[in-house]
Amino acid sequence: MNTAPRGLTGNEVPAMQDSDSTTRARGRLTALQAEFEPGELSGAWEVWAGVSGLLYARRRQTSPPPVFRGFTVTELARQIRGWEAASR
């Protein structure tokens, strides 16, 4: 019989520790930042990797904030540049 402590419902899944996927995500986000001039992306855009492996970007200080997603760095960079060009 399992005597480990259980949560409220007893069906909780333990947190996943997947360092390989975290390392890959950081590498992809670094590659995305390299697509832009220094400071161009970091000041205005927030980028992160989702659980599914998708990359996400959100423009800060806009209402409503545009949110883009893509499987590749190139795809996400293209969407960000397109939005920036259209909003000028």
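**The nonpolar core and what surrounds it**

The largest nonpolar core of this chain has 14 residues, and the members with the most contacts inside it are Leu32, Leu41, Trp45, Leu76 and Ile80. Several elements feed this core: α1 (19–34), β1 (45–49), β2 and α2 each supply at least two of its residues. The element that gives the most is α2, with 4 residues. In soluble globular proteins, nonpolar side chains tend to be buried together. The model is a predicted one.

The overall layout can be stated briefly. The chain contains 2 helices and 3 strands, and from the N terminus on these elements run α-β-β-β-α. Of the 88 residues in the chain, 25% are buried. The chain exposes about 6800 Å², of which carbon and sulfur atoms supply 54%. As for how contacts are spread along the sequence, 27% of those between residues at least 6 apart join residues at least 24 apart.

One member of the core shows how its parts meet. Leaving aside neighbours within four places in sequence, Leu32 is in contact with Leu41, Val47, Val73, Leu76 and Ala77. Of these partners, Val73, Leu76 and Ala77 are buried residues of α2.

Helix α2 covers residues 73–86, which makes 14 residues. From its first C-alpha to its last it reaches 20 Å, close to the 20 Å expected at 1.5 Å a residue. Its buried residues are Val73, Leu76, Ala77, Gln79, Ile80 and Glu84. Seen down the axis of α2, these buried residues fall within an arc of 160°, so they line one face of the helix. The face turned away from the buried side carries the exposed residues Thr74, Arg78, Ala85 and Ala86.

The buried residues of α2 include Gln79 and Glu84, and each of these has a polar partner. Which backbone oxygen lies 3.0 Å from a polar atom of the side chain of Gln79? It is the backbone oxygen of Arg69. Gln79 has a relative accessible area of 17%, and the cut-off for buried is under 20%, so Gln79 counts as buried. Beyond its neighbours within four places in sequence, Gln79 is in contact with Phe68, Arg69 and Gly70. These partners belong to the part of the chain assigned to β3 (67–70). Gln79 and Ala57 are 22 residues apart in sequence, and their C-alpha atoms are 9.3 Å apart in space.

The polar partner of Glu84 is Arg59: the two side chains make a polar contact at 3.1 Å. Arg59 lies in strand β2 (residues 55–59). Why does Arg59 count as buried? Its relative accessibility is 19%, and buried means under 20%, so Arg59 falls within the cut-off. With neighbours within four places in sequence left aside, the contacts of Arg59 are Ala44, Trp45, Pro65, Pro66, Trp83 and Glu84. Among them is Trp45, one of the residues with the most contacts inside the core.

Two loops remain to be described. Gly43 is found in the loop between α1 and β1. With a relative accessible area of 54%, Gly43 is exposed. Gly43 and Arg60 are 17 residues apart in sequence, with 8.3 Å between their C-alpha atoms.

The loop between β2 and β3 holds two backbone features. Most residues other than glycine have a negative phi, and most peptide bonds are trans. Gln61, which is placed in this loop, has a phi near 55°, a positive value in a residue other than glycine. At 85% relative accessibility, Gln61 counts as exposed. Pro64 has its place in the loop between β2 and β3 too. The peptide bond from Ser63 to Pro64 is cis, with omega near -10°.

Notes:
Residues numbered from 1 in each chain as written. Predicted model: local features only at pLDDT ≥ 70, side-chain atom pairs only at ≥ 80, totals over all residues. Heavy atoms only, no water. Buried < 20%, exposed > 50% of the residue type's maximum accessible area, 1.4 Å probe, protein only. Polar contact = N/O pair within 3.5 Å; in protein donor to acceptor, adjacent residues only side chain to side chain. Contact = heavy atoms within 4.5 Å. Expected span 1.5 Å × (residues − 1). Arc of directions from axis to C-beta. Areas by Shrake-Rupley, 256 points an atom, 1.4 Å probe, with all protein chains shown as cover. Core = buried A, V, L, I, M, F, W, Y, C linked by side-chain atoms within 4.5 Å.
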